[in-house]
Every structure is written in structure tokens, then in C-alpha cells.
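Subject: Structure handover

Hello,

Here is the structure I said I would pass on. Please look it over before reading my notes underneath.

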Amino acid sequence: RVESELFRDPALPKGDIVLDAVGGVVTLRGAVDAALVEEIGVRVAAVEGVVRVDNRLHRPGAPPPA
């Protein structure tokens with residue numbers, strides 16, 4: 001469900017985002033434009049059934065969050 005909602009927007013870089021969902025907890029990984037890091041997390045949190053978002057997205061060239 002999360003992928004369907006998130007990737008409806010053709011402006012999002014589908015190939016750059018890895019998404020795992022277990023028990024309502026969604027983990028996001030990948031390198032995206034800085035402006036999208038927070039926005040994607042907010043969009044995912046708004047999807048029905050999502051309990052928590054572990055947003056590990058980062059800017060290209062920056063290290064991923066620990």
C-alpha cells in the first residue's frame with residue numbers, strides 16, 4: 001500500500017528509494033534530493049496503517065544516517 005501511494009507521484013525517484021514495511025513500521029533508505037528527504041517521510045507517515053517511519057534517506061554524496 002505504501003509503495004502504491006508514494007510512487008503515484010511521477011516526480012519521485014522510484015529507483016532511488018528502498019522501502020521495507022513490517023508491522024506498520026516503514027523503513028526508508030536511499031539517496032534523494034535534500035528537499036525530498038523530509039517530504040517523503042511525511043507522505044509515508046500519512047498512509048493508512050503506517051505506525052512509524054524510520055527515515056534513513058539522505059542526500060547523494062552524504063553518508064546515510066546511523
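The notes below go through the strands, the helix between two of them, the core and a few single residues.

First, a caution: this is a predicted model.

Strands

β1 and β2 run antiparallel and are joined by six bridges. Two residues lie between the strands of this hairpin, and Gly23 has a positive phi near 60° there. Two of the pairings across β1 and β2 can be named: Val18 has Arg29 of β2 as its bridge partner, and Ala21 is opposite Val26 in β2.

On to the next pair. β2, residues 25-31, pairs with β3, residues 52-58, through seven bridges, and the sense is parallel. Val26, which faces Ala21, also stands opposite Val53 in β3. Thr27 has Asp54 of β3 as its bridge partner.

Thr27 itself belongs to strand β2. Is Thr27 buried or exposed? Its relative accessibility is 13%, and with the limit for buried set at under 20%, Thr27 therefore counts as buried. Beyond four places in sequence, Thr27 contacts Val18, Leu19 and Asp20, as well as Asp54 and Arg56. One of these contacts, Asp54, is also the bridge partner of Thr27 in β3.

Helix α2

The connection from β2 to β3 goes through helix α2, residues 34-45, and the three elements form a right-handed β-α-β unit.

Which residues of α2 are buried? They are Leu36, Val37, Ile40, Gly41 and Val44. Around the axis these residues span an arc of only 135°, so they sit on the same side of α2. As background, an α-helix has 3.6 residues a turn, so residues three or four places apart point the same way. The face of α2 turned away from the buried side holds exposed residues, namely Ala35, Glu38 and Val42. The cover over the buried residues includes α1 (2-6), β1 (17-22), β2 and β3.

Gly41 is one of the buried residues of α2. It has a relative accessibility of 11%, which is why Gly41 counts as buried. Leaving out neighbours within four places in sequence, Gly41 is in contact with Leu28, Val53 and Asn55. For Leu28, the C-alpha separation from Gly41 is 7.8 Å, with the two residues 13 apart along the chain.

Core

How many residues does the largest nonpolar core have? There are 16, and Leu28, Ile40 and Val44 have the most contacts inside it. At least two residues of this core come from each of α1, β1, β2 and α2. The element that gives the most is α2, with four residues.

Val44 is a useful residue to look at here. Not counting residues up to four places away in sequence, Val44 touches Val2, Leu6, Val26, Leu28, Val50 and Val53. Among these, Val26 and Val53 are the pair that stand opposite each other across β2 and β3, and Leu28 also contacts Gly41.

Two single residues

His58 is placed in strand β3. With a relative accessibility of 16%, against a limit of under 20%, His58 counts as buried. A polar atom of its side chain lies 2.9 Å from the backbone oxygen of Ala62. Apart from residues up to four places away in sequence, His58 touches Gly30, Ala31 and Val32, Val37, and the run Pro63, Pro64 and Pro65. Of these, Val37 is one of the buried residues of α2.

Arg8 is found in the loop between α1 and β1. Is Arg8 buried or exposed? At 61% relative accessibility, with the limit for exposed set at over 50%, Arg8 counts as exposed. Between the C-alpha atoms of Arg8 and Gly30 there are 18 Å, and the two residues are 22 apart along the chain. Gly30 is also among the residues that His58 touches.

Regards

Conventions: Residues numbered from 1 in each chain as written. Predicted model: local features only at pLDDT ≥ 70, side-chain atom pairs only at ≥ 80, totals over all residues. Heavy atoms only, no water. Pairing = 2+ DSSP bridges. Right-handed = clockwise from strand over helix to strand, strands pointing away. Buried < 20%, exposed > 50% of the residue type's maximum accessible area, 1.4 Å probe, protein only. Polar contact = N/O pair within 3.5 Å; in protein donor to acceptor, adjacent residues only side chain to side chain. Contact = heavy atoms within 4.5 Å. Arc of directions from axis to C-beta. Core = buried A, V, L, I, M, F, W, Y, C linked by side-chain atoms within 4.5 Å.
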